[in-house]
Amino acid sequence: MNDVFGPATLGPLALSSRVIKAATYEGMSPHGVASAELVQLHERLARGGVGLTTVAYCAVDPRGRTFPHQLLLDERSMPVLSELTRRVHDAGGKASLQLGHAGFFSKMRGPDGRGPRGPSFAFNAYGVSAGLPFARAMDDADIDGVIEAFGRAADKAVQIGFDAVEVHLGHGYLLSQFLSPATNRRNDRWGGDAERRRALPLAVLARVRRAVGRDHAVLAKTNLADGFAGGLELDEAVEIARVIEASGDVDLLVPSGGFTSKTPFFLLRGGLPLTKMAAAQSDVIARVSMRALGGIIIDRYDFEEAFFRPLALRLRGALHMPLALLGGLVSRREMVRAREDGFDFVVLGRALLADPDLVVRMRAGTLERSRCDACNECVAEMDLGGVRCVLDGPRPSTRST
Ligand SMILES: Cc1cc2nc3c(=O)[nH]c(=O)nc-3n(C[C@H](O)[C@H](O)[C@H](O)COP(=O)(O)O)c2cc1C
């Protein structure tokens with residue numbers, strides 16, 4: 001099936017292609033405020049033919065950030081994001097906003113001075129350098145606040161022109177922490193068994209759907225596996241996907257994997273640019289510990305094209321709802337194979353950072369494979385002045401965030 005680069009329907013949306021730009025944190029919202037560079041990046045992706053471009057990690061609440069420069073939907077960002085959606089539309093694309101909450105994986109205090117909270121009491125290695133080594137368990141009021149925060153953010157997103165929102169249920173952020181047996185050790189209606197562990201993520205999806213209505217699309221990014229012993233495994237991931245399908249609240253499931261606090265490279269595979277990642281840390285303790293311990297505590301995974309395909313095929317076999325394939329898609333061959341396998345959309349991160357016009361060129365038959373070699377230096381670059389592909393050569397000018 002070779003319709004990857006042609007028009008497609010996603011829920012209520014008509015897209016120009018089946019290629020979706022994955023959320024890749026841009027590092028273009030200093031102190032949470034969307035910048036002109038963020039607008040340009042997504043406009044360029046839309047010009048390059050992606051059907052839907054995803055603005056990465058927008059925290060639904062100030063305490064939902066892992067660090068201070070993650071996007072917030074406040075009155076300073078909203079006009080810029082509105083301009084972003086206009087420019088993406090003018091370029092023939094559609095725009096999605098990824099909504100997330102960090103839970104315990106954070107070095108931020110909330111506006112009231114309180115430290116991060118998650119499903120259960122947790123050691124927060126990421127917060128050590130910020131003096132926040134432990135996170136407490138959320139109480140019922142915190143949890144109600146999270147559901148409302150997702151709903152409010154989704155409402156604002158569509159008010160300012162986004163066509164879709166993507167709810168982040170993966171990668172070890174709050175909703176993934178609730179789903180994971182390793183981090184959710186509650187024994188109340190939000191945890192205790194698999195059904196109760198998924199209660200909050202499902203409540204959030206229902207609230208988000210209520211906020212955006214049926215004229216906008218809802219995507220859910222989920223984990224196929226957390227990637228460590230004791231974490232979420234594929235069998236339960238399939239069960240979660242079935243329940244999401246039955247809820248009718250989601251138009252497209254985007255399966256990924258990995259847990260940022262434990263297995264950050266499970267979701268990327270390929271190079272581990274530790275020296276550069278250490279240099280990008282904002283404080284000395286984090287810099288030194290990343291340099292000294294990074295190679296020991298961060299597992300390395302070899303890159304393979306379409307690395308989530310074997311797990312995602314299990315999901316495809318279990319579901320009828322629209323499903324995307326994500327993870328290591330760099331060649332036309334693998335994208336076409338994804339369609340043949342029955343995936344409805346392909347979602348690309350690094351290949352589109354390397355080649356923002358990949359769709360236009362593959363459609364024209366002038367590109368077979370992205371030049372991305374999974375060096376993962378883009379991961380360090382995002383904190384060094386904005387995400388970019390290092391194959392473009394040295395950064396033209398330095399910018400501080
Ligand atoms: C620089 C960079 C930043 C990322 N930031 C996010 C993010 O904010 N939210 C998210 O869900 N995934 C994030 N990811 C993961 C990607 O969305 C995607 O799941 C991963 O890169 C695998 O897809 P790929 O092989 O096509 O790059 C990021 C990846 C990269 C390379």
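This tour moves through a predicted model, from the whole chain to single strands and residues.

**The whole chain**

Begin with the entire protein chain in view. The chain holds 14 helices and 14 strands. Taken along the principal axes, its C-alpha atoms fill a box of roughly 55 × 50 × 40 Å. The radius of gyration is 19 Å, which agrees with the value near 21 Å that a compact globule of 401 residues would have. Of the 401 residues, 52% count as buried. Among contacts in the chain with a separation of 6 or more, 70% are between residues 24 or more positions apart.

**The ligand and its shell**

Select the ligand next, together with the residues around it. There are 25 residues around the ligand, and Ala22, Tyr25, Ala56, Gly349 and Arg350 come nearest. Which elements should be coloured here, each supplying at least two residues of the shell? They are strand S4 (52-59), helix H12 (350-354) and helix H14 (377-381). Colouring the shell by class shows 15 nonpolar, eight polar and two charged residues.

**Strand S10 and its partners**

Move now to strand S10, residues 164-168. Five of its five residues are buried, so S10 is largely enclosed by the rest of the structure. With the side chains shown, Ala164, Glu166 and His168 point one way from S10, while Val165 and Val167 point the other way; all are buried.

Add strand S6, residues 94-100, to the selection. S6 and S10 run parallel and are joined by four bridges. Leu99 has Val167 in S10 as its bridge partner.

Then add strand S11, residues 217-223. S10 and S11 also pair in the parallel sense, over five bridges. Opposite Val167 stands Ala220 in S11. Val167 is thus a convenient residue on which to centre the view, with Leu99 as a bridge partner and Ala220 opposite.

**The largest nonpolar core**

Which residues of the largest nonpolar core touch the most other members? Select Val165, Val218, Ala324 and Val346, which do so within a core of 114 residues. Helix H3, residues 140-159, gives the largest share of this core, seven residues.

Centre on Val346. Leaving out residues up to four places away in sequence, Val346 touches Val4, Arg18, Val19, Ala324, Leu325, Leu329, Met335 and Ala338. One of these, Ala324, is also among the core residues that touch the most other members.

**Gly151 in helix H3**

Remain with helix H3 and select Gly151, which lies in this helix. Is Gly151 buried or exposed? Gly151 counts as buried, because it has 21 C-beta neighbours inside 10 Å, and 20 or more are needed. Its contacts, not counting residues up to four places away in sequence, are Arg207, Val208, Arg210 and Ala211. A distance can also be drawn to Leu99, a residue of the S6 stop: the two C-alpha atoms are 10.0 Å apart, although 52 residues separate them along the chain.

**Ala14 in strand S2**

For the opposite case, select Ala14 in strand S2, residues 13-15. Ala14 counts as exposed, because it has 11 C-beta neighbours inside 10 Å, and the limit is 12 or fewer. Apart from neighbours within four places in sequence, Ala14 is in contact with Pro7 and Thr9. The C-alpha atoms of Ala14 and Gly51 are separated by 8.5 Å, with the two residues 37 apart along the chain.

**A three-stranded sheet**

The last stop is an open sheet of three strands in the order S7-S9-S8, with mixed pairing. Strands S7 (117-118) and S8 (122-123) stand at the edges, each with a single partner strand, so one side of each is left without a neighbour in the sheet. Strands of a sheet pair through backbone hydrogen bonds, either parallel or antiparallel.

Select S7 with S9, residues 134-137: the two pair in the parallel sense over two bridges. Arg117 stands opposite Arg136 in S9, and Gly118 stands opposite Ala137 in S9.

Finally, select S8 with S9. These strands run antiparallel and are joined by two bridges. Here Ala122 is the residue to display, with Ala135 of S9 opposite.

Conventions:
Residues are numbered from 1 along each chain as its sequence is written. This is a predicted model: local features need pLDDT of at least 70, side-chain atom pairs count only at pLDDT 80 or more; totals for chains, interfaces and linings use all residues. A residue is near a molecule or strand if its C-beta atom, placed from the backbone, lies within 6 Å of it. Ala, Val, Leu, Ile, Met, Phe, Trp, Tyr, Cys and Pro count as nonpolar, Asp, Glu, Lys and Arg as charged, and the others, Gly among them, as polar. Two strands pair if DSSP finds at least two bridges between them. A nonpolar core is a set of buried Ala, Val, Leu, Ile, Met, Phe, Trp, Tyr and Cys residues joined through C-beta atoms within 7 Å. Two residues are in contact if their C-beta atoms, placed from the backbone, lie within 7 Å. The radius of gyration is taken over C-alpha atoms; the globule rule is 2.2 Å times the number of residues to the power 0.38.
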